[in-house]
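Here is a short briefing to read beside the sequence and the structure. It goes topic by topic.

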Amino acid sequence: MTYLRKSWYALPNLLRFVVRRLFVGALLCLGITFVSFALTQVVPGDPVSANLGDRAASDPEIVAAFRARYGLDQPIPQQYALYLERLVHGDLGESQQTHRPVTTDLSQYLPATIELASAAMILALVIGISLGVLAAIARDRWPDQIIRVISLAGVSVPTFWLALVTFYVFFFKLGIAPGVGRLNPGGKAPPSITNMFTIDALLAGQWATFGIALSHIVLPAAVLAIYTIGSITRFTRAAMLESLSQDYVRAARAKGLPTRTVILRHALRPALAAIVTVAGMAFGRMLSGTVLVESVFSWPGIGQYAYKSALALDLRAIMGVSLVVAVIYILVNMAVDLIYAFIDPRIRLG
Amino acid sequence: MAERQPLLAIEGLTISLPTADGGRASAVRGVDLSIGEGEIVGLAGESGSGKTLSALAVLGLLPGGAKTGGMIHFAGRELSAADGRAQAELRGKDVAMVFQDPMTALHPMLSVGRQMTEHLVFHRKIGRAEADKIAIDMLERVRIPNPRAAMARFPHQFSGGMRQRIAIASALVTGPKLLIADEPTTALDVTVQAGILRLIEQLRRELKLSVLLITHDLGVMSALADRVYVMYAGRVVERGARAEVLARPRHPYTRGLLDALPHGSPSDHPLTALPGSPPAIGRFPAGCAFHPRCRFAEDICRADIPELRDVQPGRAIACPVDPLSAVPA
Ligand SMILES: Nc1ncnc2c1ncn2[C@@H]1O[C@H](COP(=O)(O)OP(=O)(O)OP(=O)(O)O)[C@@H](O)[C@H]1O
Ligand SMILES: [Mg+2]
């Protein structure tokens, strides 16, 4: 035991931090499986009638076969134990709707959502931080006022409504947006590597496909990003005002550094440390926000998949989605802490 | 004192600041100040007397909304105080500044090496390696142990005294002619204060540096400054050679400051410590701003703002009464 403890503390901080967080994360995931399993048991509704047609549902033999196939005939604790056992082997069970392994479904839908949310996050960070910095520099002058209105609008507009309006305007009225979906109708997906079409197209060197995939993602990503642009702008402005008033910024000016360096290196850096935390939380909110945006833009992502699974009481799919979303949350949080520690050397991981 | 060519001469500096109610208030009201080459000049006065603002005006770093007047001469160049852009030329290259609190004046997230070299690389257009070498030499000069390793560390890994040494090294690494040190020891433990002051004296000698040493504690500069200026409510009230001013203050305010020192009062005349507190900007009393706290005040003190006038060679006071002229040493 003491040997174990000694070798544990001999590990580098970073590694200890990652191992500890992954361990806690695994426990958390176990809890998630339990809760989501319990929830699927207590919600009213019968997966049999939700999945079989009326006629099939009235045939006892078919019902029995359906129950046996999905393990629904077993006692509940056994069902859970069986689920966990398969989970360890990377098997999330079979979806009752698609009749495919849930892992197969997830590997198709999840990348679409990650691609969408990442694009939105990049937009939100670039635009939000730029606007926030501008607003802080121009404090109380007209650019600041304009940016304040923009960011307020961003956090006030309902995403679903915005999705409908932008789609209507850019597609029907202006005709400059491509249609819904990830590619043009009948378009051929790039060779499947990450299942994020923009990245796969790049990897395969298919420039035309990349352009099409990119043009399809811009509008939904922008809609998804609007709220986060607003909140990151406001947050960046406040953090920049705070750091611009610090002694070390005045000291940087006294050293005769160009204004650009003072702002981007000395003032923005401490602000970034705080922004990363906000961005991490925003990413989580985006993942749930995708449900609405995906449905308006027919984006075949995890939000759509979760929504359909919930309607169909597709237990394995619901649990798979919960688990994978939990894993993403855990990883994002860990990444936030790592980036934070990277930006601020005073932070000790552990 | 030998006549020296002034490196910096401030003439008729005025600074006004916007007030909360939309008006303006004078904070600095006609300050003349000069520093010779290789000279250490002390600038003393209670909080709010305008010491920091005057220094920031030299660097063109006054807070937004400040309006300035007067002239600044630096090494043969003539700059209008109102044109902050002209002063930007001096910043970091010719004039460097060290601030009061080394805990907050060094950037907490940038390595010592980065903070030592970024302006050096920018001003001199030299490479990283060369800048590192100059920076390490300078850290060694201010007696940072193991300077090479210190370059890779961060400010929070050093004590307050060490940080102030690093801040001084960073200010001087570009070879400026003038160092403005704004209360460089106020935030430090008493035990390390003397070390920092000795370091400034040493650097002045070795680097032929001129120093403007700002402090509200006349005791701090007693060993260091060649000449001192005493400010009150945005004006200079006394100026002269340090030894004389400290031994025989001629302005009642200077005398009050000296008597308020906790120990080592240079004379044992029964003048008690300064009563009351200095006025805030916008509320400077008419006439001599010090008269409400002055036990020698006469009618004339309430009427006119006294001009700084020479009373001895190299010695000037802004006091029409001059009650201490006859006081023996
Ligand atoms: N940014 C600012 N905005 C408004 N008023 C200011 C600002 N900076 C300084 N002042 C005011 O100007 C006056 C002079 O300030 P200054 O900082 O020059 O004083 P000081 O002599 O350096 O005092 P201290 O010993 O406290 O540093 C003070 O009354 C202060 O309140
Ligand atoms: Mg000050």
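Where is the place of B:Glu183 in chain B? B:Glu183 sits in the loop between β7 (178-182) and α8 (190-207) of chain B. The model is a predicted one. The points below cover backbone angles, helices, aromatic rings and cysteines.

**Positive phi angles in chain B**

- B:Glu183 is not a glycine, yet its phi is positive, near 45 degrees.
- B:Glu183 counts as buried, at 7% relative accessibility.
- B:Asp322 is another non-glycine residue with a positive phi, of about 50 degrees.
- B:Asp322 belongs to the segment after β12 (315-317) of chain B.
- The relative accessible area of B:Asp322 is 12%, so B:Asp322 is buried.

**Helix α1 of chain B**

- Helix α1(B) covers residues 51-59, and 8 of its 9 residues are buried, so the rest of the structure largely encloses this helix.
- The buried residues are B:Lys51, B:Leu53, B:Ser54, B:Ala55, B:Leu56, B:Ala57, B:Val58 and B:Leu59.
- Just after α1(B) comes B:Gly60, with a positive phi of about 65 degrees.

**The annotated domain and helix α13 of chain A**

- An unreviewed UniProt entry lists residues 110-340 of chain A as "domain: ABC transmembrane type-1".
- Over residues 110-340, chain A is 81% helix and 0% strand.
- The end C-alpha atoms of that stretch of chain A are 27 Å apart.
- Helix α13(A) runs over residues 259-296 and has 38 residues.
- The end C-alpha atoms of α13(A) are only 44 Å apart, while a straight helix would reach 56 Å at 1.5 Å a residue.
- In α13(A), a kink of about 50 degrees lies at A:Leu268, shortly before the proline A:Pro270.
- A:Ser298, just after α13(A), has a positive phi of about 45 degrees.

**Aromatic rings and charges over them**

- The whole structure holds 11 aromatic pairs over all chains.
- Among them is the pair of A:Phe171 and A:Phe172, which is edge-to-face.
- The ring centres of A:Phe171 and A:Phe172 are 5.0 Å apart, with 75 degrees between the planes.
- A:Phe171 is partly exposed, at 28% relative accessibility.
- A:Phe172 is exposed, with a relative accessible area of 54%.
- One aromatic cluster is formed by A:Phe167, A:Tyr168, A:Phe171, A:Phe172 and A:Phe297.
- In chain A, A:Arg182 lies over the face of A:Phe197, 3.8 Å from the ring centre.
- In chain B, B:Arg153 has its charged end over the ring of B:Phe158, 4.5 Å from the centre of that ring.

**Cysteines**

- How many disulfides does a search of the whole structure find? The search finds 0 over all chains.
- Why is B:Cys288 without a bond to B:Cys301? The closest cysteine sulfur to that of B:Cys288 is in B:Cys301, 6.0 Å away, which is too far for a bond. A disulfide needs the two sulfur atoms within 2.5 Å.
- B:Cys294 is in no disulfide either, as its nearest cysteine sulfur, that of B:Cys319, is 6.2 Å away.
- B:Cys288 is buried, with a relative accessible area of 11%.
- B:Cys294 is buried too, with a relative accessible area of 16%.

Notes: Residues numbered from 1 in each chain as written. Chains lettered and ligands numbered in written order. Predicted model: local features only at pLDDT ≥ 70, side-chain atom pairs only at ≥ 80, totals over all residues. Heavy atoms only, no water. Buried < 20%, exposed > 50% of the residue type's maximum accessible area, 1.4 Å probe, protein only. UniProt positions renumbered as here; feature names shortened; annotations may be inferred. Helix = DSSP H or I, 4+ residues; strand = E, 2+ residues; numbered from the N terminus. Expected span 1.5 Å × (residues − 1). Bend = angle between axes of the 7 residues up to and from the residue. Phe/Tyr/Trp six-rings, centres within 6.5 Å; stacked < 30°, edge-to-face > 60°. Lys NZ or Arg CZ within 6 Å of the ring centre and 35° of its normal.
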